[in-house]
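Visitor: I am new to this structure, and I would like to learn how to read it. Could you walk me through it, feature by feature?

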Amino acid sequence: MSLLAPSMEGSIVRLPEIVSLKRKYKAYLYLDEAHSIGAVGATGRGVVEYFGMNPDDVDVLMGTFTKSFGAAGGYIAGKKDLVDFLRTHSHSAVYATSMCPPVAEQIIRAMKCLMGLDGTTQGLQRVQKLGKNTRYFRRRLHEMGFIVYGNDDSPVVPLLLYMPGKIGAFARRGLGEAVLNALDELGDFLQLKYSRYSKSAHPELYEETRFELED
């Protein structure tokens, strides 16, 4: 079975239950941590750390270096026999070019920062700050009246617009403004606050009948 954690919907996989199913049915588990490695867990080690589990419970761990590590490429982690097989038989590895030294060094430096091997606590502080900002961002959006999906600890925060025609206007109006203030204003201007639990701070904007943006 293959799992994405967290997904683009901001959900964090219920890994303990999945591992129990894997053991029961003797399945192989492939975990995609593209959005969680370096961002989820007490020290940024991903969803396995988030649940306090053993990495050996997952057969194949996959992640990207393009997000938390600020580089390029990705990784596959697992038992040595598996990694050796992929290196020999995977077309993406056999026919790919080698990673350039500056990119490899960037990844190594980012890993050392996260692990505290650079002699500082910057990596840990950034992971903790991201978690704090994530929870604050989600809470404020909910209070403003938006509908937001996903787990409270997920750094992926999907805000539902529902109407594709408003996406372009939403993106253009959001440029150059502070995020929460911009979202609060845009939510009223484009009538995007579908939550039943909060009232608008700008009710006068709902009297607008045209939502075309000036050039």
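Visitor: Let's begin with the overall build. How many helices and strands are there in the protein?

Guide: This is a predicted model, and the protein has 8 helices and 4 strands. Following the sequence, you meet them in the pattern β-α-β-α-β-β-α-α-α-α-α-α.

Visitor: What share of the residues counts as buried?

Guide: A residue is called buried when its relative accessible area is under 20%. Here 33% of the 215 residues fall in that group. As for the surface, the protein exposes about 13800 Å², and 56% of this comes from carbon and sulfur atoms.

Visitor: And how do contacts relate to distance along the sequence?

Guide: Take the contacts with a separation of 6 or more: 55% of them are between residues 24 or more positions apart.

Visitor: Now a single helix, please. What span should helix α6 have, and how far apart are its end C-alpha atoms?

Guide: You can estimate a span from the residue count, at 1.5 Å a residue. Helix α6 covers residues 122-144, and its 23 residues should span 33 Å. The C-alpha atoms at its ends are 32 Å apart, which agrees with that estimate.

Visitor: Which residues of α6 are buried, and what do they pack against?

Guide: The buried ones are G123, V127, G131, T134, R138, L141 and M144. The buried residues of α6 pack against α5 and against α8, which is residues 179-189. Right after α6 comes G145, with a positive phi of about 115°.

Visitor: I have heard of salt bridges. How many does the structure hold?

Guide: Side chains of opposite charge can pair when their charged atoms come close. The structure holds 10 salt bridges. One of them is between R23 and D57, whose closest N and O atoms are 2.8 Å apart. R23 belongs to helix α1 (residues 15-25) while D57 is in the loop between α2 and β3, so this pair ties together parts that are 34 residues apart in sequence.

Visitor: Are R23 and D57 buried or exposed?

Guide: R23 is exposed, because its relative accessible area is 53%. D57 counts as buried, because its value is 15%.

Visitor: What else does D57 touch?

Guide: Leaving aside residues up to four places away in sequence, D57 touches V19, K22, R23 and L29. The loop that holds D57 runs between α2 (47-50) and β3 (60-64).

Visitor: Could you show me other salt bridges?

Guide: Gladly. The side chains of D188 and K193 meet in one, at 3.5 Å from N to O. D188 is buried, with a relative accessible area of 0%, and K193 counts as buried at 13%. Salt bridges can also share partners, and in this way R139, R140 and E143 are joined into one network. E17 and R14 form another salt bridge, at 3.6 Å from N to O. Of these two, E17 is partly exposed at 39% relative accessibility, whereas R14 is exposed at 58%.

Visitor: Finally, the surface. Which residues make a nonpolar surface patch?

Guide: M111, M115 and L117 make one of about 300 Å². M111 lies in helix α5, which covers residues 101-115. Its relative accessibility is 33%, so M111 counts as partly exposed.

Terms used. Residues numbered from 1 in each chain as written. Predicted model: local features only at pLDDT ≥ 70, side-chain atom pairs only at ≥ 80, totals over all residues. Heavy atoms only, no water. Patch = residues over 30% accessible without salt bridge, like charges linked within 9 Å, V, L, I, M, F, W, Y side chains within 5 Å. Areas by Shrake-Rupley, 256 points an atom, 1.4 Å probe, with all protein chains shown as cover. Salt bridge = Lys/Arg side-chain N within 4 Å of Asp/Glu carboxyl O. Helix = DSSP H or I, 4+ residues; strand = E, 2+ residues; numbered from the N terminus. Buried < 20%, exposed > 50% of the residue type's maximum accessible area, 1.4 Å probe, protein only. Contact = heavy atoms within 4.5 Å. Expected span 1.5 Å × (residues − 1).
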